[in-house]
Each structure stands twice: as structure tokens, then as C-alpha cells.
Amino acid sequence: MSVVGIDFGNENCYISVARAGGIESIANDYSMRDTPSYVAFGDKQRLMGVAAKSQHLTNLKKTFFGFKPLIGRKFKDPIVQNELKRIPYPVSEDPETGNVLLHVDYLGKSHSFTPKQVTSMLFTKLKHTAEAALNTKVKDVVISVPTYYTDCERRCILDAANMADLNVLKLMNDTTATALAYGIYKQDLPPPEEKARNVIFVDVGHRGAQAAACSFNKGKLSMVCNTFDANLGGRNLNENIARYFADGFKKSYKIDVYSSPKAMIKLITEVEKLKKQMSANTNKLPLNIECFMDDKDVKGYIDRTTFEEISQVEISRMEKILTDCLAQSKWKKEDIYSVEIVGGSTRVPFVKTAMERVFGKVPNTTLNADEAVSRGCALQCAILSPTFKVREFSVLDSQPYPILLKWQTGADIGEMEVFSKFQSIPFSKMLTFWQPDNFKLVVEYAGKDVTMNPHIGEFEISVTPKPDGSNTKVKVKARINLNGIFAIVSATKSEKHEIEEEVQMEVEEEKKPASANSGDKATNNTTSEDVNMDEPNEKATTEDKKDEKTPTSPPKMEKQKKIITKIIDLPVCSRVVGSLTDEGLTNLSGIERNFVKQDQMESDRLTYKNAVEEYVYDIRSKIHGDLSEFITDEDRGKYSNELEDSENWLYEDGEDVEKKVYVEKLNHLQVVGEALKRRKYEFDQRPHAFNTLGHCLNMATKVIDAFRSGDEKYNHLDTEAVNKVNNMIIEKNKWLSSSIHTLKDLDKTSDPSILVSYFYEEKKNFEAFAHPILHKAKPKVEPPPPPPTTQPNPEDDKTKNNAADNNTEGGDNSTSGMGEGAPPKPNKKNVGEEAAQTMAVD
């Protein structure tokens, strides 16, 4: 299972993956960690990422960029209208839905794509990049979204991921991902029972700025509040510098940069480089652009002071975000442990200065400004995945807008705030309604922060009317899930029913009075009798069997009335903004798969076209160099003409043909070219092949000579088998001598009849036959067994010991009890006792 985190940015995307060594940000096919959020269309193939951005200026109308703000919005939305000023490609309104449509001519047809579809194309590119890095299929991912994304925008991101065949485990807010990447590695966080550590995170990207207050305890983070400005980022600063130079060029060079989208894009690209230089320089820096517009070269200067002067509006807006964050968190400056910054635009000096003024602390650059969000997403994916074991860390996110619920009961209209601002998520609420029949819940965002269409969706709950027309108690479960998406999870009603069920009657057992006579009889007639416990008591067994056979009367049952409560699920019909129907999602997913297939076919076609061109250039230089000795002058002239014709064909008739035509052309050219390479290879490798086989035969001959001379090392070999090896050596030597003689007189321009591989094959076959015979292991000679030793008889030892004791006590040196002439064996124990006795006497 893959563990992938994706930071989907307005200008660039980053991908991080979880591996055994930790979290790693991966590079794309251009060895760059940032993949531009660009999608371009060629004649027969889509280009995405770096390839799309590199041809941006030459393919302006067919290159989509900056489409992230258009996701989930209507064409007439003020935010969309503001973005259209920056977009040079054709955009229109869908007459049926009012959504945004992006137009392009592709594959000979005119296509209209929604921003959601273009996003899915970019996700497909990111998916392929991750698969190339991991060498496995990528399915499960966590994708980052801005904190200010609405329910509709989040649903659109999920649909785009589904079109790209990705399963989103969670949509994670940018600042939350940053906080997770920061906190999960901290070992010194306070325990849960102590005061939390308060950290401010500020993320200033290409288009938007976000600030978040977060509290940390050991194993847990909680988002306290979020503030943001969706249209305040690095591009605003780039546009300020671009306008400064555009106004200057209008006075100095009499050119109107605003009238040319291509010139404006070129200028913004150059001033972005200049902005990065001003972050480390206070000097006046030059801007030089050749052939900028109307074939004019332009030049200008700017310094950091001027840059700050023309960006005062952005500085004020930035300070407002930071001030609001501090106010809504209800923290004092002294309560803040640190201020952490991420995002490329936080490198601008006056952005850092604004943070220091508001929070009273110097911003820290603990995290990687570009990759922190994707790393946090990868960590969250690892936490949710069963593949990796990650330190337990709880993430409590929040949603930035209050959510309002509206309904109608008869003529009365009711509403309530079901989820407050900065409500922790995921979170569920159980709501109770009294309704006579079907009713509808309308869900909207509330508050001044939401300037777009606040509508989230409608949920209609079906209720069967009661015969008496009274209201039905309906319990509705509302929930905001991990992705920050609102849903009515369930609706239920309870009904009371009276049922009859049979229950067992309680019967009192009759107690028989005990007989006094029988008791006395049992007492007085007690006798002592021996009983064999191994044999069963037949009388008792018989009586037990009689008791078992006695039928028991069935229990008496009676019917009783009981009231039960049944929970009945009610159908809920939802109509939410942003989500596609299952049918629509299937259709668009099929379109994306067809585009992917077309891209692959075109990629293969271009690969073979480039292979033909590369082969022509490569072999043409070699037939006049390394391979010149292996082709005749006549054949070289013919082949050179054929290569030149192939080169001309590539740029004329062969410019746009099918893949199989290039394959046939390449195979045709390789007939001669590869033959020359084989001749050179055979000529170069032939001496080594001769020596290898000859050395093998010589070593085997030495072993046979040693065997015949009676060498003890080989005297265990079988004579008949050795003779067979010798005959094979003679045969192989003859073949080797004949082959060397044949190949010695061969011309270099001719193909050899005996290949180098034949010699290696002969060596392999010979070794397979001769090695088991000549290198047979010598059998081990077992040493002779040791002579048998007689085991002493314990009875004899006892007799001998007794005899020794008798001799000692009597002081007699007689050898009675032992064989005649046999010396007495000393008894160590007795000798020791004797010595002890002697010492005692002394």
C-alpha cells in the first residue's frame, strides 16, 4: 500500500512519500521536487508539469494555469471574474449550469473542460510521478487544500481525485499539515494534564495567505483558530513590481505591456527572479529583457525600499490576518511559544517584519518552507494507513465557517447554527425535529467571512404521515467528516408497538412432609456392611433409571402484552453543490482514461521517432570511425546515402506517421548497422574466447598427467572416466585449432561463421562433463578403531577393597583374596583413612 501526500498549490505541487527511513519528498522526471500546476495540449498529446510550463509562451492559448481558484465556483462569482484578468486562454460560462468552462482544440476537435477535469489531469501526472519513484501503483493519498476552501470546493477536489483513480483518505488543511509535520517529531511537548504549547503557523503561498493558532500536547495537536486572505500571496507582490516596470517602460520605451498577455507573462517571470534577489540584497538591482516587445530591449532598476513602498497595501492586509489570528485565539503574546513560517513568499523580508511586529517574536524557519505541507500530508497518510507503524498522534482540525440549518414546519420557518466557527472536526450532532410529513433541511454557511455563494446543499427527509395528522419525532444526525464536508448521515424515527408474547407461568413447587417413622427407621436400622466400591450399586442405578423415565409435565405458558420501541431509518435525499452524480463521475473518469491512453500511444510513437533519428546520427559517425574497418567502401557509400535519405524523410514525409512505420524504418537501418557492430564485437572478443577455452583444456590436461604419474592427490579417480575426459580434450583441441585457423584468414568485412559464443558454449559443455570426474572428492580414510577396553566389575572392585581393608587392619601383607603373584592395588580411600589414623595416634 502506498503512502503519499500531495501539496496541491496554485503555482507548484509537491509530493512526499513515507518510506522505511521516514518521509521523503520525491523528484519528478526533470529531477525537480516542484511540479508546476500547468496543463498544456499539443496536437496529439497533453503536456503537464515542467514540460507544460516550458512551452507556455509558445503555446499560450492551449496552456492552462491558475485554474485552482476556479474550482467549485460559478462563472459570475466575483473571485472568478477577478481571476479572468490574469488568464490568457479562452474561458466561458456553461449556459446550463453556469459553471466555468475552459476551451481548447485538441486531437482535431474543440473541447470544453471544467476546472475539475483539468485538476484531475494534473493529479494523473502527480500519480505517475509517485508511481515512478515508488515502483508501485499509487492509490491512497492525502491531499492538502487551503483552510478557506468551502464544502463545494472540497467536493470538487474529491471528484477530481476520483477521475485520476486516486482514493483520498483525507483532505487536509494546509496549516494543519504544517502543524503535524512540526509537532510529531517534538519529544519535549507537555503532557496532556499540563498547559499546552501554543504555536502560530503562517503560510504565505503564491495566491493566498493563512495564519493558524495551534496548541500542542504530547501526542496531540488542536487547531484553535484560522485566519486567511484568499487573494494575498506572492503573485500580488510580483504584479506590484511588474506594474512598476510596465509604467516605466511606457514612459521610456513607449510600449504598452498591458496590451500583450505574452509580454506581461514574460515580465512577471523576470520580476519574480528579481524579487528573490531583493530578499538578500538591499542594493539597486537591474532588470534586462531582450526583444521584450516590438523587438525592443528594455532595462530598469529597483531596490528593496521601492519594493516595500509599492507593497504597502499588501503589508497592511498581511498584518490584519496576523492580528485577527492573535485576537481570535484569545492568546497574549507571552502565551506564544514560537512562530513558524512556511510558503515561498514568507522569505520576503517585510513579511517577516510584519510577523515580528504583531506577535513580538522572530519567525522561525524550522520547517522546509516549500515541502512542509506535503510532508505533513504524507505523515497523515501514514497514520491512516495500516502499512506503517507511526507514533500515536491525534489531530483535531477545525472548520473556519459557522454552518446554518434551515427548515420549514407548515408556515413557520426555523433556523439554527448547527456548527459554530472553528468547530473541531470530525464532529457529529444529533438533532430532533417534530414534523407531520416530509421536510427539507437547507444547509448554508453563515457569517461575514463567506462572500461567495453560501449554499451547501439540501437534504429532504421522507416521513410517512400519521393517520391522526400528529407530528412525528425525527432524529437527524448531522456530521462534518475528516474532509471538512457536511452531510446528513442518517434520519430515524421511533415507533411504539404493542405485542403479545407467551411467557412461562411461575408455579410453586409442592413440598412433601417428611415422615418421622421413616426417619427413625432409617436411623435405627443403620447397619455396617462392606461394600465393593469398584462395583456399581445395581439397586441405586435401577432407581435412577426409573426416575429418568418418569415424564415431566411441560411448563405452563400464558400470553402477556408488551410495548416495544422500534427505530426505523428514514430515506434521505441529498442535493449538494459541487459533487457529481455517479453516472457523471463514471463518464468523466472514462474520458480521462482515454486521454491517458492517447498520451501513452503518442509517447511511444515519439520514442520510436527519436530512436530512428538517434540511430541515424550514431551509426553515421561510426561507419567513418570505429566501424570503418568492417565495411567495404562500396557498402559504406550505399549505407551513408540510405542514412541521409532516412534523415530527410524524418523531417518531411516521416514527420507525423504511425508508430509501426518508425519501427519498420529502425529495423531496416539496423540490418546493416547491427551487422557491423557484431563484426567488431566478434573481432575484439575472439582472442579472449580462444584463450578461455584453451586455458580450460590445458588445466584439464595437467590433471590427467598428474593422475597418470601416480600423484596421490588424484589416485582415487576412475581410470575409464579419466580416459573419456582425455578423449574429449583431444576432440576439443582439434576443433579449437581448426576454428582458429578458419577465423585467422577471415576478412574483417565478412561475417564470421564461428561466433565467439560458440567457444564459451564449448567451454561450458566441457566443464559440465569433466569437472565432476577430475575434481571428484577423495574419500576420507577412517582411522582404525581403538582396542577394546575391559570394563571393571563392580563386584570385583568391592572384593579387592575389602581385601585391602583386611590387610591394613591386620598389618599383614598377605595377598590372600587376590591372584597369586599379583601386586596389591592401593586403595586411595583406605590410604587416606590410614594416614588420618596415624596422625590421630601421633
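**Cysteines**

How far is the sulfur of Cys152 from the closest cysteine sulfur, and in which residue does that sulfur sit? I found the closest sulfur in Cys156, at 4.4 Å from that of Cys152, which is too far for a bond. My search of the whole structure returned zero disulfides, a disulfide being a pair of cysteine sulfur atoms within 2.5 Å. I also looked up exposure, for which buried means under 20% relative accessible area, exposed over 50%, and partly exposed in between (1.4 Å probe, protein chains only). Cys152 counts as buried at 11% relative accessibility, whereas Cys291 is partly exposed at 46%.

**Model and confidence**

I note that this is a predicted model, in which local features need pLDDT of at least 70 and side-chain atom pairs count only at pLDDT 80 or more, while totals for chains, interfaces and linings use all residues. Residues are numbered from 1 along each chain as its sequence is written, and side-chain values use heavy atoms, with hydrogens and water left out. For pLDDT, the predictor's confidence in each residue from 0 to 100, I read a chain mean of 86, with 86% of the residues reaching 70 or more. Over residues 510-550 pLDDT stays under 50, and the model has zero contacts there beyond four places in sequence, a contact being heavy atoms within 4.5 Å. Over residues 803-842 pLDDT also stays under 50, but for that stretch the model has 14 contacts beyond four places in sequence.

**Whole chain**

I counted 20 helices and 29 strands in the chain, taken as DSSP runs numbered from the N terminus (helices H or I, at least four residues; strands E, at least two). Of the 842 residues, 42% count as buried. Among contacts between residues at least 6 apart in sequence, 70% join residues at least 24 apart.

**Cores**

I then looked for nonpolar cores, meaning sets of buried Ala, Val, Leu, Ile, Met, Phe, Trp, Tyr and Cys residues joined through side-chain atoms within 4.5 Å. The largest has 78 residues, and those with the most contacts inside it are Phe123, Ile143, Leu441 and Phe486. This core draws at least three residues from each of domain 1 (4-196 + 368-394) and domain 2 (401-501 + 571-576), with bounds that come from an automatic or database domain assignment. A second, separate core of 48 residues includes Ala209, Val298, Leu326 and Val351. Going back to Phe486, I listed its contacts beyond four places in sequence, among them Asp151, Arg155, Ile403, Leu405 and Phe459.

**Ser374**

Ser374 lies in helix H11 (residues 372-384) and is buried at 0% relative accessibility. Its C-alpha is 7.8 Å from that of Ser25, although the two are 349 residues apart in sequence. Beyond four places in sequence, Ser374 touches Gly5, Asp7, Tyr14, Ile15, Ser16 and Ser25.

**Backbone entries**

Most residues other than glycine have a negative phi, and most peptide bonds are trans. I therefore recorded the peptide bond from Ile425 to Pro426, which is cis with omega near 0 degrees. Pro426 lies in the loop between strand E22 (423-425) and strand E23 (427-435). Phe422 has a positive phi, near 65 degrees, and lies in the loop between strand E21 (412-419) and E22, where Phe422 is buried at 16% relative accessibility. Asp294 also has a positive phi, near 55 degrees, in the loop between strand E16 (285-293) and strand E17 (296-302), but Asp294 counts as exposed at 57%.
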